[in-house]
Amino acid sequence: MNDKSPRIMVGRFWHESNGFNPHFTQGSDFQLAEGETLIAQARSSSTTLAGIIAALQRYAVQILPSLSAIAAPGGLVDHDFFEQIKARFVADIQRLKPDAIALELHGAMGTTQLADAEGDLLAALRQAAGKHTTIAIGLDLHAHVTQQMLAAVDLCIACKENPHSDVVECGSKVAVCLLAVLRGELRPVTAMAKVPMVLPGAAETAAGPLLEIHDEARRLAKADPAIWDISLFNVFRYADDHGIGQAALVLTNNNPASAERAAAPLAAAFWHKRMRFQDELVAIGDALTMAAARPDARPLVLADMGDRVLAGAPGDSTAILAAALHAPCRLRGAIPITDPEAVAQAFAAGRDSELSLHLGGKITPGFRPLSVRARVIHLSDGNFVLAGPFQGGEPSAMGPTATLLVDGRLSLVVTSKPAFSHDPAVFTSQGVVIGAQDFVVVKSGYHFKLNFAALAKPVLVRTPGLGYYTRGSLVYRQAIFWPEHDVPPPVVTPQIFTRNAPLATPMDVPS
């Protein structure tokens with residue numbers, strides 16, 4: 001490495017914002033890291049940012065760590081906090097004067113004042129960096145990709161799998177493409193084609209209509225050497241914004257014709273296959289019956305689809321708990337519930353105390369607390385490290401947390417903040433033995449399948465809440481949600497986005 005090696009600023013601002021959640025996401029909900037701490041955490045984690053940094057470290061470049069800010073999906077982000085983080089990134093650009101910027105974003109962040117938070121952020125970064133600085137972003141495939149975002153960046157690449165088993169690979173590809181731009185090998189020209197509608201289900205990429213569309217994307221990319229990447233966006237369902245929809249993004253090396261030719265049919269495929277975007281969910285009672293009759297020693301892991309924290313719901317549902325208390329079989333189970341008031345009561349009572357609680361149901365509109373008698377069996381600060389593989393190695397915080405035992409058999413992990421409960425460490429960090437349960441409840445619909453793969457059998461359960469679409473349950477004022485709304489056959493017209501400005505002189509970056 002020498003003084004002329006490229007200087008690349010890296011960072012992350014990650015949040016998936018559910019516009020129907022009445023509880024806003026505050027600055028205190030974010031995990032922050034900067035400088036060398038950011039680099040050190042990335043070395044031991046499984047994230048897009050980790051993939052970016054690991055790939056850059058293989059080359060003779062200077063990595064300039066800025067800031068990482070990440071929070072569990074939830075309500076809209078407090079706008080003042082968003083402005084603080086944006087100002088920090090802008091200040092770092094002005095101070096560091098990087099040759100390039102590589103960021104991990106989610107792509108579906110909204111604030112209490114902005115629907116397109118990432119678009120606003122990236123426009124500010126572009127203004128601060130100038131037209132000759134290469135900006136590359138790695139996104140979640142549920143991003144709401146906008147014209148404002150694409151006008152501000154040179155490279156936009158998403159992970160390809162749900163559950164997100166390839167986020168590290170996504171980050172690596174972002175870095176590799178960025179370096180190719182700096183060498184003068186890649187002149188990015190991107191086409192975006194979009195069908196403006198939200199679809200209700202079948203969000204996994206390993207089966208069904210998404211597998212077929214991704215397979216076609218892989219075939220097109222393999223057949224055309226001009227194509228460097230195809231990212232498909234099945235879009236976050238719980239954002240309400242104009243123009244939100246299914247999107248195909250095709251990155252080429254200075255070839256708009258190839259980009260358009262691939263993007264249009266891929267986006268149109270979402271429309272043609274729309275009838276198949278449906279999930280098969282199990283009723284709560286049936287799921288508990290399955291747990292009682294499970295054929296092997298492993299517990300079932302029940303996805304509380306309506307109250308999915310990983311879809312931005314509050315995590316305060318007691319629906320499965322109530323059913324388990326009244327089920328004919330006395331099943332052992334572990335259930336996470338967001339309820340800071342109940343946590344405070346448990347801390348005041350102390351470990352091994354018994355108390356009566358009105359538990360959960362205090363945040364989600366239409367929910368009601370459940371009256372329970374419980375014993376306090378564990379108290380903690382709620383800090384832990386995700387086991388992975390999805391987000392493995394990432395520090396996470398649930399706030400003060402109390403584990404309560406109800407009816408001598410149901411372990412409730414009651415948190416002050418919504419928990420990343422797709423991960424077994426949510427339970428094991430609080431003294432819950434997963435193998436001793438008949439069932440474990442997670443507030444996740446997909447990623448838990450990766451992280452619980454060796455521990456439990458997954459079942460998707462139909463439950464109420466803000467984390468799953470039920471016809472008539474959510475009012476969309478701007479987005480079009482099929483089949484909630486009538487959607488006429490779309491006219492798919494790709495838009496072309498070209499690199500902001502070519503490099504005056506390619507940089508010397510070893511291949």
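Begin the tour in this predicted model by selecting helix α2, residues 48–56, where eight of the nine residues are buried, so that the helix is largely enclosed by the rest of the structure. The buried positions to highlight are T48, L49, A50, G51, I52, I53, A55 and L56. If you then display the elements around the helix, those covering its buried residues include β1 (7–14), α1 (35–43), β3 (62–70), β4 (100–105), β5 (134–139) and α6.

Keep L56 selected and add I8, V10, L178 and F427, since these five touch the most other members of the largest nonpolar core, which holds 81 residues. Helix α6 (residues 167–183) supplies the largest share of this core, with 10 residues. Apart from it lies another core, of 41 residues, and M9, V90, A152 and V153 are among its members. As a general background to such clusters, nonpolar side chains tend to be buried together in soluble globular proteins.

Which residues are in contact with F427, once its neighbours within four places in sequence are left aside? Selecting them brings up A334, I335, P336, V413, S421, V432, I434, V440, V441, V442 and F452.

**The eight-stranded sheet**

Move next to the open sheet of eight strands, whose order is β12-β13-β16-β17-β11-β18-β10-β19 and whose pairing is mixed. At its edges stand β12 (354–359) and β19 (457–461), each of which pairs on one side only. Averaged over the sheet and with direction ignored, neighbouring strands are turned by 35° against each other.

Within this sheet, select β11, a mostly covered strand in which six of its six residues are buried. Turning the view along the strand, you can follow G333, I335 and I337 pointing one way and A334, P336 and T338 pointing the other way, all of them buried. On one pairing, β11 runs parallel to β17 and is joined to it by six bridges, with I335 standing opposite L412 in β17. On another, strand β11 (residues 333–338) runs parallel to strand β18 (residues 439–442) and is joined to it by two bridges; here G333 stands opposite F439, and A334 stands opposite V440.

Now add the helices that accompany these strands. Helix α10 (residues 319–326) packs on the sheet and touches β10, β11, β12, β13 (370–380), β16 (401–406), β17 (410–415) and β18, its direction making about 110° with that of β13. Helix α9 (residues 284–292) lies across β10 (300–304), β18 and β19, and runs at about 165° to β10.

**The four-stranded sheet**

For the last stop, select the open sheet of four strands, ordered β8-β9-β7-β20 and paired in the antiparallel sense. Why does one side of β8 and of β20 have no neighbour in the sheet? Both β8 (227–233) and β20 (495–498) stand at the edges with a single partner strand each, so one side of each is left without a neighbour there. Neighbouring strands in this sheet are turned by 20° against each other on average, direction ignored.

To look at one pairing in detail, select strand β7 (residues 188–195) together with strand β9 (residues 246–253), which are antiparallel and pair over eight bridges; V189 stands opposite T252 in β9. Finally, add helix α8 (residues 256–272), which lies across β7, β8, β9 and β20 and runs at about 20° to β7.

Note on methods. Residues are numbered from 1 along each chain as its sequence is written. This is a predicted model: local features need pLDDT of at least 70, side-chain atom pairs count only at pLDDT 80 or more; totals for chains, interfaces and linings use all residues. Side-chain values use heavy atoms; hydrogens and water are left out. A nonpolar core is a set of buried Ala, Val, Leu, Ile, Met, Phe, Trp, Tyr and Cys residues joined through side-chain atoms within 4.5 Å. Buried means under 20% relative accessible area, exposed over 50%, partly exposed in between (1.4 Å probe, protein chains only). Contact means heavy atoms within 4.5 Å. Two strands pair if DSSP finds at least two bridges between them. Axes are lines fitted to C-alpha atoms, for helices over the stretch in contact, and angles run from 0 to 180 degrees between N-to-C directions.
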